[in-house]
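The following paragraphs lead the reader through selected parts of one model. Please keep the sequence and the structure in view while reading.

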Amino acid sequence: MPLGQRPDPTVEAIQTQVALMAEEQLLLLEATPTPRPPLPVLPTLPPVSPQPTLGAELTEPLLSQERLLVELFRRANPAVVSIDVLGSSLPSDHPPIPGLPDARSGQGSGFLYDDQGHIVTNNHVVARSSQLQVRFFDGTTALAELVGTDPDSDLAVIRVRRLPEGVGPLTLGESRVVEVGQTAVAIGSPFGEQNTLTVGVVSGLGRTLRGPTRSIGTYSIPNIIQTDASINPGNSGGPLLNIRGEVIGVNTAIAVSQGNSSFEGVGYAVPASTVAKVVPGLISEGRFDHPWMGIAMLSLDALMAERLGLEVDRGVLITDVRSPSPAQRAGLRAGTGEPIEGMMPLQAGGDIIIAIGGQPVADSDQLLGLLDLNYRAGDTAVLTVVRANGTTEEVELLLEARP
């Protein structure tokens, strides 16, 4: 400090405080800790044996099921993949890819379809992607190319050029013989948790999901399998298996209440019968042509029949015939009378389809399901139709590809 200059009182006060704190810290370090009083001696409790475990006679049925699931997973797991998706406009419910900061990324599941690297997944997983990466069970990754997509069944095929050694495809089951109550096993990557197994049952069959909308109307996806095996975002495209490890469906959607996006006990899978029909076309042509009749329709029941004054209370009422269309060329008719009060724009007098190919039709879901299962574009379907005058006729309809 220069001669004659007085010290700054603020600085002097700070220096004094720092010195006091240092002295206190030193005293604490040198101080002898106060000894803790001895713990009281507690009385010894009488010995008690552990609770008995369940014997083999009780656990064997569940142990057998447990061993079955362990073996099923061991065999099927290598063929189930996680798909990393990069794109500019992916669905909002896609979970992010761990470790990848790109907010435009998403994730789904898939399974190996054949030994040529073709992988089946959902259309909605990959349709708007710009780049795809597949993660196998052992951590191996491979870039994938998009082979074909089908929005009308929500199926898609991608392909990798190499596979981990020893990994083979899953076997397609026959979804036509699936019954409600059978065990259903889902494997996929919910929320990015790769190769997760969940177990439930087949809860319902013949469900219908809303499909894509085009200029001439909205299509439906029929023959959907309902399951309570837990499915969440990221499971899309993964397999739904039966107890033998055969693919009976491709997990595609969940039912959620408003404001929620997690599983609530109702999941849906595209059936293996649709996979067997659509996927070969996606591999060979990149697309699949679904059969089309060209009608709008309404399911009939007793209440609807009473309001419309109809004698028939089961079947499908034709409410509109597209022009041009197979239905128009076959002579099918929609209502042409006065609009029915309280049911605008429905008009009386339309044909009622009560069977296709000799199989009875109860409602529009069943008609679409039979059409999807048994017919292709170019096939001729024989419809049993009740006309407005009450007569029943057989009408041949040459199916075309959906426009």
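**A hairpin and its surroundings**

Strands β16 and β17 form a hairpin with two residues between them, and Gly357 in the turn has a positive phi of about 60°. The model in which this hairpin appears is predicted. The two strands of the hairpin pair in the antiparallel sense over two bridges, and Ala355 stands opposite Pro360 in β17.

Strand β16 comprises residues 352-356, and four of its five residues are buried, so the strand is mostly covered under the criterion of less than 20% relative accessible area. Its pairing extends to other strands. With β18 (residues 380-386), β16 pairs in the antiparallel sense over four bridges; with β15, the pairing is also antiparallel and runs over two bridges. Ile353 takes part in both of these pairings: it is the bridge partner of Val316, and its own bridge partner in β18 is Val385.

After β15 (315-321) comes a loop that leads to α6 (326-330), and Pro324 lies in this loop. The peptide bond that joins Ser323 and Pro324 is cis, with omega at about -5°.

The nonpolar cores are considered next. In soluble globular proteins, nonpolar side chains tend to be buried together. The largest nonpolar core of this model has 41 residues, of which Val134, Ile158, Leu170 and Leu241 touch the most other members. Strand β6 (residues 155-160) contributes the largest share of this core, namely five residues. Apart from this core lies another, of 21 residues, and among them are Ala334, Ile353, Leu367 and Val385. The bridge partners Ile353 and Val385 are thus both members of that other core.

Val134 can be followed further through its contacts. Leaving aside residues up to four places away in sequence, Val134 touches Val81, Ser82, Ile119, Thr140, Thr141, Ala142, Ala144, Ile158 and Val160. Ile158 is also listed with Val134 among the core residues that touch the most other members.

One of the contacts of Val134 is Ser82, a residue of strand β1 (residues 80-87). Is Ser82 buried or exposed? Its relative accessible area is 4%, and Ser82 is therefore buried. The side chain of Ser82 makes a polar contact of 3.1 Å with the side chain of Gln107. With residues up to four places away in sequence not counted, Ser82 touches Gln107, Gly108, Gln133, Val134, Arg135, Ser189 and Gln194.

The loop between β7 (183-188) and β8 (196-214) holds Phe191 and Asn195. Phe191 has a phi near 55°, a positive value in a residue other than glycine. Asn195 likewise is not a glycine and has a positive phi, of about 50°. Their accessibility can be set side by side: Phe191 is partly exposed, because its relative accessible area is 47%, whereas Asn195 is buried, because its relative accessible area is 12%.

The final stop is Ala253, found in strand β11 (residues 247-254). With a relative accessible area of 26%, Ala253 is partly exposed. Its contacts, not counting residues up to four places away in sequence, are Leu209, Gly267 and Tyr268. Ala253 and Ala269 are 16 residues apart in sequence, and their C-alpha atoms are 6.9 Å apart in space.

Conventions
Residues numbered from 1 in each chain as written. Predicted model: local features only at pLDDT ≥ 70, side-chain atom pairs only at ≥ 80, totals over all residues. Heavy atoms only, no water. Buried < 20%, exposed > 50% of the residue type's maximum accessible area, 1.4 Å probe, protein only. Polar contact = N/O pair within 3.5 Å; in protein donor to acceptor, adjacent residues only side chain to side chain. Contact = heavy atoms within 4.5 Å. Core = buried A, V, L, I, M, F, W, Y, C linked by side-chain atoms within 4.5 Å. Pairing = 2+ DSSP bridges.
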